[in-house]
Amino acid sequence: MATCQQGCAPVVHLCQKLNRLKTLDDDMMATSLKRCLSTLDLTLMGVGGMVGSGLYVLTGTVAKDMVGPAVIISFLFAGFASLLAAFCYAEFGARIPKTGSAYMFTYVSVGEIWAFLIGWNVVLENMIGGAAVARAWSGYLDSIFNHAIQNFTETHIMQWNVPFLAHYPDLLAAGILVVASFFISFGVQVSSYLNHIFSTISMGVIAFILVFGFMLAEPANWSQKEGGFAPFGLSGILAGSATCFYAFVGFDVIASSSEEAKNPQKAVPIATAISLALAATAYILVSTVLTLIVPWHTLDPNSALADAFFRRGYSWAGIIVAVGSICAMNTVLLCNLFSLPRIVYAMAEDGLFFSIFARVNPITKVPVNAILVFGILMATMALIFDLEALVQFLSIGTLLAYSFVAASVIVLRFQPEKTSSKGTASSSPNPNAETSPAPSESQTITEESGELKQYESFSDKLQLVERQKTRERRGVGQLKAFWEPYLGRVLGNCEPGEVVAFCVLTLIVSSVSLCAVLEFGTKQLHLPVWSFTILLVIFSLAFLLSLGLIWIHEPQTNSKTFQVPLVPFTPGVSILINVFLMMKLSSLTWIRFTIWIAIGLFVYFGYGIWHSKEGMRELQPKDMAARYVVLPSGSLVETVQSVQPDGRVDTSVHQINASTSSTAEEYTGKR
């Protein structure tokens with residue numbers, strides 16, 4: 001038996017390494033970056049990240065090929081699904097105002113390797129997203145000049161015919177990315193000013209489209225003669241919602257900017273809500289105008305809005321729309337180039353990625369190395385890859401990040417506050433926040449029996465006055481008192497948060513299984529009706545049971561920042577939607593995703609696991625321990641124990657005068 005334990009010890013130690021959590025500083029507002037962004041700055045960043053080429057291209061594509069005029073409902077459903085994910089990002093961005101977005105949130109609550117893989121995928125998503133938008137920007141501008149740029153490049157420079165590569169090098173797309181990276185390296189305020197300019201122009205053009213478009217609207221275009229309002233039925237609306245969902249993926253730039261916000265606790269939730277509301281309103285109203293100006297089945301998928309005005313005889317309006325489209329794409333480019341280097345910086349700062357990217361310019365207060373290197377990499381992708389090849393790989397990493405962030409919200413909500421050696425809650429974003437950890441069950445029993453009581457640190461003694469009130473409510477992560485008589489024997493002996501963590505894992509597995517049966521059960525797997533129904537019932541019950549078991553535990557209620565409402569139901573539904581959308585992606589996308597994950601694991605095990613700052617923190621000596629005993633006379637006796645390498649303990653005793661209660665009490669803590 002001992003031999004078996006010794007053989008398993010390396011595996012257990014490796015698992016502990018892979019799942020170690022990030023330790024947050026007591027002062028959450030301390031940063032090497034510059035805190036200068038206001039709520040308005042964050043809101044315009046969110047709007048710029050969401051209202052881009054999708055407004056001018058995606059609306060026409062979805063309306064013509066998938067939904068018809070009912071694209072309005074598709075955007076409504078997609079906006080609601082995005083709101084669930086945005087809630088989770090807003091809570092973390094306010095609670096943990098550090099750059100890194102989904103990577104940071106996962107590192108704090110789930111574990112190191114999962115955080116690295118999320119960050120690794122988000123990096124690729126931002127690179128592909130920026131390169132794809134740059135190619136769309138170049139193509140849109142080229143179409144205005146009757147493809148003169150493409151013809152000149154193919155004739156006088158070069159062209160090639162290679163699978164997954166563009167027919168010609170897109171120098172314009174690569175050039176705009178290099179120029180944008182250059183401007184962003186000047187600092188966050190320069191990025192914010194540029195985003196303000198382009199977002200203002202874009203929103204002005206959108207207002208023009210709505211006013212002038214409703215003046216040209218013809219309700220007959222929604223009539224049965226033109227195919228009706230929903231010619232593709234409910235299935236078309238749902239399929240359109242899955243596509244429209246990707247129009248809202250830019251809101252995570254707000255959470256990525258939380259370390260540079262002046263007051264992230266208030267600014268991040270407000271900016272997230274306002275920007276998502278503005279983006280959803282813009283998409284819904286522009287879709288309404290577009291399908292009312294011309295019949296939906298005659299739309300041009302490549303430039304629907306500009307073409308609609310041209311066909312109605314207002315060519316000058318089409319030019320205004322084209323200008324707005326270029327400005328909207330510029331804002332998306334800026335948001336991609338803004339958030340990507342900060343995720344890389346966060347990973348490098350934690351030691352999981354190459355340390356050269358953790359350097360911050362002392363003047364501009366931005367990670368210049370990460371900006372320039374990944375800006376050039378993004379420009380290289382835009383130079384040689386085809387737009388369709390880029391877009392096919394887009395979204396899987398984003399959906400995976402959304403799922404992990406939603407799961408992290410549940411885990412952290414039902415996890416007891418961790419205290420640092422100073423007795424302060426390390427995960428609280430407000431250094432002045434009061435923390436009074438609830439006593440454990442063993443502590444309560446010891447108090448009632450009149451014996452010496454043991455606490456984590458001496459600071460707990462200073463809060464004895466509040467213990468009677470705190471004892472009325474069970475600790476965070478423990479079973480609620482109402483359910484104790486019914487489920488106490490089964491779940492009452494578990495560690496706080498242990499049942500919730502297991503239920504979150506079950507929630508994810510049941511979501512994947514349920515969505516797989518829905519998507520592949522009758523088509524690829526050819527399941528009989530009875531087995532298809534049974535599997536649906538089993539996985540649905542597992543999903544609902546997991547939510548129920550999480551709900552009957554005590555959540556954290558002392559946070560002074562924004563919290564996601566209706567936890568665990570809101571993040572649970574978000575996980576289900578994200579997994580369902582992931583199941584609808586092509587097999588080729590999954591193959592590429594697997595290859596990228598394999599490369600990421602090679603980087604992590606080759607570099608990250610050896611240079612992790614959390615790993616170095618674990619190696620720091622912890623050789624001093626102190627015990628405090630309060631005597632009935634009011635004196636406090638401090639016993640200091642020095643742990644020697646050979647296991648011996650040297651003890652020294654000091655007596656301190658203290659005004660405390662008359663009951664003898666004992667404390668233990670680290671020094």
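1. A quick definition before the cysteines: a disulfide is a covalent bond between the sulfur atoms of two cysteines, and the cut-off used here is a pair of cysteine sulfur atoms within 2.5 Å. Keep in mind that this is a predicted model. With that cut-off, searching the whole structure turns up zero disulfides.

2. Why does Cys494 have no bond? Its closest cysteine sulfur, in Cys503, sits 9.6 Å away, and that is too far for a bond. As for its surroundings, Cys494 counts as partly exposed because its relative accessibility is 31%. Cys88, at 1% relative accessibility, counts as buried.

3. Now to the surface. Ile197, Ile201, Phe310, Ile319 and Val323 make a nonpolar patch of about 450 Å². Two elements, α9 (188-215) and α14 (315-349), each give two or more residues to that patch. Ile201 has its place in helix α9, and its relative accessibility of 36% is why it counts as partly exposed.

4. Helix α3 (residues 53-67) is worth a look too. Its buried residues are Ser53, Gly54, Leu55, Tyr56, Leu58, Thr59, Gly60, Val62, Ala63 and Val67. What do the buried residues of α3 pack against? Their partners are α4 (71-95), α9, α10 (233-244), α12 (264-293), α13 (304-311) and α14. So that you can link this to the patch: α9 and α14 are the elements giving two or more residues there, and both are on the list of α3 partners.

5. One backbone detail to finish: Gly68, just after α3, takes a positive phi of about 85 degrees.

Conventions: Residues are numbered from 1 along each chain as its sequence is written. This is a predicted model: local features need pLDDT of at least 70, side-chain atom pairs count only at pLDDT 80 or more; totals for chains, interfaces and linings use all residues. Side-chain values use heavy atoms; hydrogens and water are left out. Patches are made of residues with over 30% relative accessible area and no salt bridge: like charges are joined within 9 Å, nonpolar side chains (Val, Leu, Ile, Met, Phe, Trp, Tyr) within 5 Å. Accessible areas come from the Shrake-Rupley method with a 1.4 Å probe; for residues, only the protein chains shown count as cover. A salt bridge is a side-chain nitrogen of Lys or Arg within 4 Å of a carboxyl oxygen of Asp or Glu. Helices (H or I, at least four residues) and strands (E, at least two) are DSSP runs, numbered from the N terminus. Buried means under 20% relative accessible area, exposed over 50%, partly exposed in between (1.4 Å probe, protein chains only). Contact means heavy atoms within 4.5 Å.
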